[in-house]
Amino acid sequence: MHRAVVLGTGSCLPRRVLTNDDLEQMVDTSDEWITSRTGIHTRRIAGDGEQNYQLASQAAEKALVSAKVSAEEIDLVAVATLTPHMMMPSCACFVQTEIGAKNAFAFDLNAACSGFLYGLDMAEKYIATKPDMKILLIGSETLSARINWQDRNTCILFGDGAGACVLTGAMETTRTTRTTEAKQRGIVASNLYSDGSLWKLLYMDSPASRNPDLLLEERNGCFMQMTGRDVFKHAVRAMEKAALDLLDLQQISIQDVSLIIPHQANIRILNKLTERLGADQEKVFINVDKYGNTSAASIPIALDEANRQNRLKQGDLVLLCSFGGGFTWGSMLIRW
Ligand code: COA
């Protein structure tokens with residue numbers, strides 16, 4: 001059996017740091033309120049030369065170096081994003097040109113904050129049938145352009161950035177027994193879910209939309225809209241259930257997991273999730289304090305930081321969990 005293995009990772013954060021003190025000058029809020037409710041201290045905001053595809057391309061180039069793979073060897077460039085550079089062409093096509101991945105086909109996918117997890121699942125399915133394929137998967141967002149900077153409910157939460165990884169098929173073991181299969185590197189299993197009926201709790205309308213599903217007063221341009229409390233409850237419950245179901249199905253205990261990389265939405269969501277999974281706090285990777293919620297970029301940025309900090313050793317079991325607009329959510333186990 002071939003498994004999809006992560007060969008290398010990369011990330012890119014914009015230069016500009018926006019602090020809670022800066023936000024105090026912009027809306028009626030305080031560092032104390034933001035820190036205690038979200039755990040966020042700073043977030044990055046894209047500026048000149050840092051459009052979505054440019055951040056994505058820089059993250060991709062670092063992932064290629066880390067994977068020791070050239071751009072020409074890449075067969076597929078996929079970008080998970082809800083803030084593409086343009087509606088058409090895809091952000092992935094811009095990245096393809098920027099990095100010179102001239103032999104690849106390229107497209108975007110949108111599953112909001114779960115986009116990167118959905119992308120990993122898709123990459124695994126490609127690799128299952130074409131193990132030689134080299135896939136460059138990127139999660140990249142410039143959410144700052146789609147935030148109402150006068151809305152204190154949302155503007156404190158989000159940030160910009162990009163993360164990437166290169167995947168390919170793992171070498172097939174010649175005689176696969178249950179033990180060798182269990183130890184085999186790569187994506188072990190995943191579960192993905194969606195519930196479109198709850199979309200109004202977290203949404204972003206299209207620019208210049210004539211969307212008949214929205215009342216006139218709900219068309220506030222095209223900014224992020226959120227019912228924070230409800231999103232909070234759904235996020236905790238959904239990620240908990242997805243992760244526990246996956247572990248149960250794989251007959252893996254949470255104690256066997258070396259590192260948990262959840263979508264970085266909010267420290268209180270992460271703490272509740274940790275508690276409900278019965279996981280040790282030090283096994284949960286956290287960088288939401290530095291970058292806020294970067295949506296589809298959050299898991300790949302965290303994955304890259306964990307990788308570069310040597311928190312991922314070969315053979316370790318890594319658990320990813322995500323939740324986002326749609327709603328979309330899921331979890332994944334990777335043997336690093
Ligand atoms: N600064 C100061 N006060 C603020 C504020 C801010 N930035 N944002 C909201 N408030 C106020 C509200 O207006 C409200 O005031 P009121 O009681 O006078 O009406 C009060 O704080 C409480 O608001 P509420 O929305 O109930 O706060 P909360 O405890 O639920 O925290 C969130 C708000 C957004 C931090 C929290 O609901 C949350 O984290 N939700 C999940 C968001 C998320 O992760 N979304 C993305 C998922 S992928």
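User: Where does Phe-327 lie, and what kind of peptide bond joins Gly-326 and Phe-327?

Analyst: Phe-327 lies in the loop between strand S12 (317-324) and strand S13 (328-335), where helices (H or I, at least four residues) and strands (E, at least two) are DSSP runs, numbered from the N terminus. The bond that joins Gly-326 and Phe-327 is cis, with omega about -10 degrees. This is a predicted model, in which local features need pLDDT of at least 70 and side-chain atom pairs count only at pLDDT 80 or more, while totals for chains, interfaces and linings use all residues. Residues are numbered from 1 along each chain as its sequence is written, and side-chain values use heavy atoms, with hydrogens and water left out.

User: What is omega for the bond that joins Met-88 and Pro-89, and where is the place of Pro-89?

Analyst: Omega is about 0 degrees for that bond, which is a cis peptide bond; Pro-89 sits in the loop between strand S4 (76-80) and helix H4 (91-99). Such bonds are worth pointing out because most peptide bonds are trans.

User: Why does Lys-68 count as exposed or buried?

Analyst: Exposed means over 50% relative accessible area, buried under 20%, and partly exposed in between, with a 1.4 Å probe and protein chains only. Lys-68 has 75% relative accessibility, so Lys-68 counts as exposed. Lys-68 is placed in the loop between helix H3 (52-67) and S4, and its phi is near 55 degrees, a positive value in a residue other than glycine.

User: What makes Gln-251 count as exposed?

Analyst: The relative accessibility of Gln-251 is 70%, so Gln-251 counts as exposed. Gln-251 lies in the loop between helix H8 (228-249) and strand S11 (259-262), and its phi is positive, about 55 degrees, although Gln-251 is not a glycine. Most residues other than glycine have a negative phi.

User: Why is Ser-298 called buried?

Analyst: The relative accessible area of Ser-298 is 2%, so Ser-298 is buried. Ser-298 is found in helix H11 (residues 298-308) and, leaving aside its neighbours within four places in sequence, is in contact (heavy atoms within 4.5 Å) with His-263 and Gln-264.

User: How do you know that the ligand lies between domain 1 and domain 2?

Analyst: Domain 1 (2-171) and domain 2 (180-211 + 218-335) both give residues to the shell around the ligand, so the ligand lies between them; the domain bounds come from an automatic or database domain assignment. The C-alpha centres of the two domains lie 15 Å apart, and 55 residues of domain 1 are in contact with 51 residues of domain 2.

User: How many residues surround the ligand, and which helix gives the most to the shell around the ligand?

Analyst: The shell has 20 residues, and the closest are Thr-29, Arg-37, Arg-152, Arg-229 and Asn-266. H8 gives the most, with four residues, while helix H2 (31-38), helix H6 (152-155) and H8 each supply at least two.

User: Which oxygen or nitrogen atom of the ligand is 2.6 Å from an N or O atom in the side chain of Arg-37, and what makes this a polar contact?

Analyst: The ligand atom is an oxygen, 2.6 Å from an N or O atom in the side chain of Arg-37. A polar contact is a pair of N or O atoms within 3.5 Å; within protein, one must be able to donate a hydrogen and the other to accept it, and residues adjacent in sequence count only if both atoms are side-chain atoms. A polar side-chain atom of Arg-152 also lies 2.9 Å from an oxygen atom of the ligand.

Definitions and conventions: Near = heavy atom within 4 Å.
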